[in-house]
Amino acid sequence: MDPVLTVTAVSILLGSLIAFAFFANYFGKRKSEVQSIAKSELQPDPKKQNKPSQSKKSHLKAHSHSHADKDQNKRHHPLDLNTLKGHGDSVTGLCFSPDARSLATACADGVVRIFKLDDASSKSFKFLRINLPAGGHPTAVVFSDDASSIVVASQTLNGSSLYMYGEEKPKASDETKQPKLPLPEIKWVHQKVHEKKAILTLVGTNASYGTADGSTIVVSCSEGTDIMLWHGRTGKILGNVDTNQLKNTMAAISPNGRFIAAAAFTADVKVWEVVFLKDGSVKEVSKAMQLKGHKSAVTWLCFTPNSEQIITASKDGSIRIWNINVRYHLDEDPKSLKVFSIPLHDSSGATLHYDRLSISPDGRILAATHGSTLQWLSVETGKVLDTADKAHDGDITWISWAPKAIAMGDGEALVLATASVDKKVKLWAAPSTH
């Protein structure tokens, strides 16, 4: 055989053997790696051992519990009692019924919801849903007379409207059948009120001062300068006033129905008296007094439960408590009883102003808000009782105390409700005043 061919054949044979050995070793390692990975994936996590497989239903249940746990973790403040969910947009207003067993909310999704508060600590709340006429969304709500009737302020492209919804007494077809509770019906409506201007606040009270007959008086305050009074049950206009202060901020009525006060563009607060006739009807609304002392615009005010004082908050960084139980017809001026500095500051140390105020039914605690911050103050001393720095995930739009204690577990408690642009309404317990 040719020596050259022999050398070539041997070289090819050796090269083949070397190549075979290399690839055999390579694929052997790959197989080992694959087996190693497969084993590690199939091997149960010691932390997750002995867990039985779950059906889809049980998985959803567990998922629900995880959300509940997240909600529990979000309840970061000890006074945070509960959250009313189900709103599809910003909650713009709320109001408790006179018996404190119902809470009505106005939502930008076009729906008014009336929650039943049998127990403030309940895990879920039943609610009645009222859809407003197409094209309008509710901006504020107030109960009229009792929990079965409610007045709603609605905003449309054509201006503001007021609707009163009431329930008819259920009629049984025969004695054996259980009557169904009918949905609320529109009892009266006023459209394009306040010259088409938006309604900023809607409040009401059962008038009990003097010869008042106990009927509910509803007060609507526009973004202009006008304020109107309405008879809650009939919708009759009882009177109106012009603040003559460029632009209104809000208006309130005293618990006994005697006074109406308005905060507006200026530093002064104007107060009017509702004068009643002997038959209990409203005769007129006359100017009574003016609260002077703040150095900048008043952002909010509220009456004390006895209707004898007004608490005001101003952009000048102060809170004032005024005595309005004076003989103003004899030119006796209202007196500023107390002045407190607002105990809320930004990161630079500048004093912030309060957006909303609400006083507890016992007159001891003042709740106040700025943006998403909620504070409780002592009315007696002005000191902070507690603070929730981020009470909501957005600005707070309305706050209100329940008019009386609400059932909670085995007892009762004073409860504050807050509404927000975050689509939620929260219930808060009252802090200790000691």
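Start with a side-chain handshake: Q375 and T387 are joined by a polar contact of 3.2 Å between their side chains. Keep in mind that this is a predicted model. The protein has 434 residues, 45% of them buried, and it is built with 2 helices and 30 strands. Here's what turns up when you look around, spot by spot.

**Around Q375**

- Q375 sits in strand β24, which covers residues 373-378.
- Its relative accessibility is just 3%, so Q375 counts as buried, the cut-off being under 20%.
- Leaving out residues up to four places away in sequence, Q375 touches P343, L344, Y354, L366, A367, A368, V384, D386 and T387.

**The protein as a whole**

- The accessible surface adds up to about 23,400 Å², and carbon and sulfur atoms account for 52% of that.
- Take the contacts between residues at least 6 apart in sequence: 48% of them link residues at least 24 apart.

**Nonpolar cores**

- The largest nonpolar core takes in 66 residues, and the ones with the most contacts inside it are L103, I311, Y354, L357, L374, W376 and L427.
- Strand β18 (residues 298-303) supplies the largest share of this core, with 5 residues.
- There's also a second, separate core of 26 residues, with C95, L162, W188 and V218 among its members.
- Back in the largest core, I311 is one of the residues with the most contacts. Setting aside residues up to four places away in sequence, I311 touches W300, L301, C302, T304, I319, R320, I321, L357, I359, L366 and V379.

**What the record says about repeats**

- An unreviewed UniProt entry lists "repeat: WD" for residues 84-125 and 291-325.
- In the model, the stretch 291-325 is 54% strand and 0% helix, and the C-alpha atoms at its ends are 13 Å apart.

**Aromatic pairs**

- The structure holds 5 aromatic pairs.
- What is the geometry of the F115 and F127 pair? The ring centres are 5.1 Å apart and the planes meet at 45°, so this pair is tilted.
- F115 belongs to strand β4 (residues 111-116) and F127 to strand β5 (residues 127-131), so the pair ties together parts that are 12 residues apart in sequence.
- The two partners differ in cover: F115 is buried at a relative accessible area of 1%, whereas F127 is partly exposed at 38%.
- W300 and W398 make an edge-to-face pair, with 5.7 Å from centre to centre and 80° between the planes.
- W300 is in strand β18 and W398 in strand β26 (residues 396-401), so this pair ties together parts that are 98 residues apart in sequence.
- Both W300 and W398 are buried.

**Around N248**

- N248 is part of strand β14, residues 248-253.
- Is N248 buried or exposed? With 3% relative accessibility, N248 counts as buried.
- The N248 side chain has polar company from the backbone: a polar atom of that side chain lies 3.2 Å from the backbone oxygen of S222, and the side chain also reaches the backbone oxygen of D226 at 3.4 Å.
- Not counting residues up to four places away in sequence, N248 touches L200, C221, S222, E223, G224, T225, D226, I227, T243, A263 and A264.

**Around V203**

- V203 lies in strand β10, residues 199-206.
- V203 has a relative accessibility of 17%, which is under the 20% cut-off, so it counts as buried.
- V203 and A252 are 49 residues apart in sequence, yet their C-alpha atoms are 6.5 Å apart in space.
- Apart from neighbours within four places in sequence, V203 is in contact with V142, I217, V218, V219, A251, A252 and I253.

**Around A350**

- A350 is in the loop between β21 (335-341) and β22 (356-359).
- A350 counts as partly exposed, with a relative accessibility of 36%.
- G317 is 33 residues away from A350 along the chain, and the two C-alpha atoms are separated by 9.3 Å.
- Beyond its neighbours within four places in sequence, A350 is in contact with L344 and H345.

Definitions and conventions. Residues are numbered from 1 along each chain as its sequence is written. This is a predicted model: local features need pLDDT of at least 70, side-chain atom pairs count only at pLDDT 80 or more; totals for chains, interfaces and linings use all residues. Side-chain values use heavy atoms; hydrogens and water are left out. Helices (H or I, at least four residues) and strands (E, at least two) are DSSP runs, numbered from the N terminus. Buried means under 20% relative accessible area, exposed over 50%, partly exposed in between (1.4 Å probe, protein chains only). A polar contact is a pair of N or O atoms within 3.5 Å; within protein, one must be able to donate a hydrogen and the other to accept it, and residues adjacent in sequence count only if both atoms are side-chain atoms. Contact means heavy atoms within 4.5 Å. A nonpolar core is a set of buried Ala, Val, Leu, Ile, Met, Phe, Trp, Tyr and Cys residues joined through side-chain atoms within 4.5 Å. UniProt positions are given in the numbering used here, feature names are shortened, and annotations may be inferred rather than shown by experiment. Accessible areas come from the Shrake-Rupley method with a 1.4 Å probe; for residues, only the protein chains shown count as cover. Rings of Phe, Tyr and Trp (its six-membered ring) pair if their centres lie within 6.5 Å; planes under 30 degrees apart count as stacked, over 60 as edge-to-face and the rest as tilted.
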